[in-house]
Amino acid sequence: QMQQLNEEQMEEVKKRIHKSASFQRVFKGADGKLVLDEIDSMSSYNANTFDPDPYISAYKAGQRSIAIVIHNIINQDVKEAEKLIGKV
């Protein structure tokens, strides 16, 4: 059973759903996929970020984390989230 959300929490959930839907509109189209591929390439999204130098390793991990966040946001199931909060 899902816990009842207070008004502030509900607003936060709605903001996250809106953000995910916006990211999906931007990145799911042809141009967006091209841009996302470029972000993935620049951030070493599909690569190992290890380097013997811990500072370089940390730098690469920081770059990669941006691509991870973008992918996580665009992979959210917006329709399912809306159903859960009773928006649909």
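## A walk around a predicted helical model

With a relative accessibility of 54%, S41 counts as exposed, because anything over 50% falls in that class. Keep in mind that this is a predicted model. S41 sits in helix α2, which covers residues 30-43. Go 26 residues along the chain from S41 and you get to A67; the C-alpha atoms of the two are separated by 9.4 Å.

**How α1 meets its partners**

Two packed helices can be described by the angle between their axes and the distance between those axes. Let's start with α1 and α2. Their axes come within 5 Å and cross at roughly 95°. The range for "roughly perpendicular" runs from 65 to 115 degrees, so α1 and α2 are roughly perpendicular to each other. On the α1 side, the contact uses V26, F27 and K28, while α2 brings A30, G32, K33, V35, L36 and I39. Sort the residues of this contact by class and you get six nonpolar, one polar and two charged.

Next up is α1 against α3. Here the axes are 8 Å apart and the packing angle is about 105°. That angle makes α1 roughly perpendicular to α3 as well. From α1, the contact draws on K19, S20, F23, Q24, F27 and K28, and from α3 it takes I70, I73 and I74. By class, the contact of α1 with α3 holds five nonpolar, two polar and two charged residues. Notice F27 and K28: they take part in the contact with α2 and also in the contact with α3.

**The largest pocket**

Rolling a probe the size of a water molecule over the atoms shows where empty space is left. In this model, the largest pocket holds about 210 Å³ of space. Which residues line the largest pocket? The list is V13, R16, I17, K19, S20, I73, Q76, D77, V78 and A81. Helix α1 (7-28) and helix α4 (78-84) each put at least two residues into the lining. The largest share comes from α1, with five residues. By class, the lining has five nonpolar, two polar and three charged residues. K19, S20 and I73 belong to this lining, and those three also turn up in the contact between α1 and α3.

R16 and Q76 are both among the lining residues. They are 60 residues apart along the chain, yet their C-alpha atoms are separated by 9.6 Å. H18, another residue of α1, makes a handy contrast: H18 and V35 are 17 residues apart in sequence and 21 Å apart in space, C-alpha to C-alpha.

**The loop between α2 and α3**

T49 is in the loop between α2 and α3, with α3 spanning 54-74. Is T49 buried or exposed? It is buried, because its relative accessible area of 16% falls under the 20% cut-off. Leaving out residues up to four places away in sequence, T49 touches S57, K60, A61 and R64. Y59 is ten residues from T49 in sequence, and the two are 8.6 Å apart, C-alpha to C-alpha.

S44 is in that loop too. Most residues other than glycine have a negative phi. S44, though, has a positive phi near 55°. Its relative accessible area is 24%, so S44 counts as partly exposed.

**Accessibility side by side**

Here are the residues picked out above, with where they sit and how open they are.

| Residue | Location | Relative accessible area | Class |
|---|---|---|---|
| R16 | α1 | 54% | exposed |
| H18 | α1 | 53% | exposed |
| S41 | α2 | 54% | exposed |
| S44 | loop between α2 and α3 | 24% | partly exposed |
| T49 | loop between α2 and α3 | 16% | buried |

Methods
Residues are numbered from 1 along each chain as its sequence is written. This is a predicted model: local features need pLDDT of at least 70, side-chain atom pairs count only at pLDDT 80 or more; totals for chains, interfaces and linings use all residues. Side-chain values use heavy atoms; hydrogens and water are left out. On a 1 Å grid over the protein atoms alone, a cavity is a set of points where a 1.4 Å probe fits but cannot get out, and a pocket is an open set with protein on both sides within 12 Å along at least five of seven lines; lining residues have an atom within 4 Å of a point. Grid points are joined across faces, edges and corners, and a volume is the space filled by probe spheres set on the points. Helices (H or I, at least four residues) and strands (E, at least two) are DSSP runs, numbered from the N terminus. Ala, Val, Leu, Ile, Met, Phe, Trp, Tyr, Cys and Pro count as nonpolar, Asp, Glu, Lys and Arg as charged, and the others, Gly among them, as polar. Axes are lines fitted to C-alpha atoms, for helices over the stretch in contact, and angles run from 0 to 180 degrees between N-to-C directions. Angles under 35 degrees count as roughly parallel, over 145 as roughly antiparallel, 65 to 115 as roughly perpendicular and the rest as oblique. Contact means heavy atoms within 4.5 Å. Buried means under 20% relative accessible area, exposed over 50%, partly exposed in between (1.4 Å probe, protein chains only).
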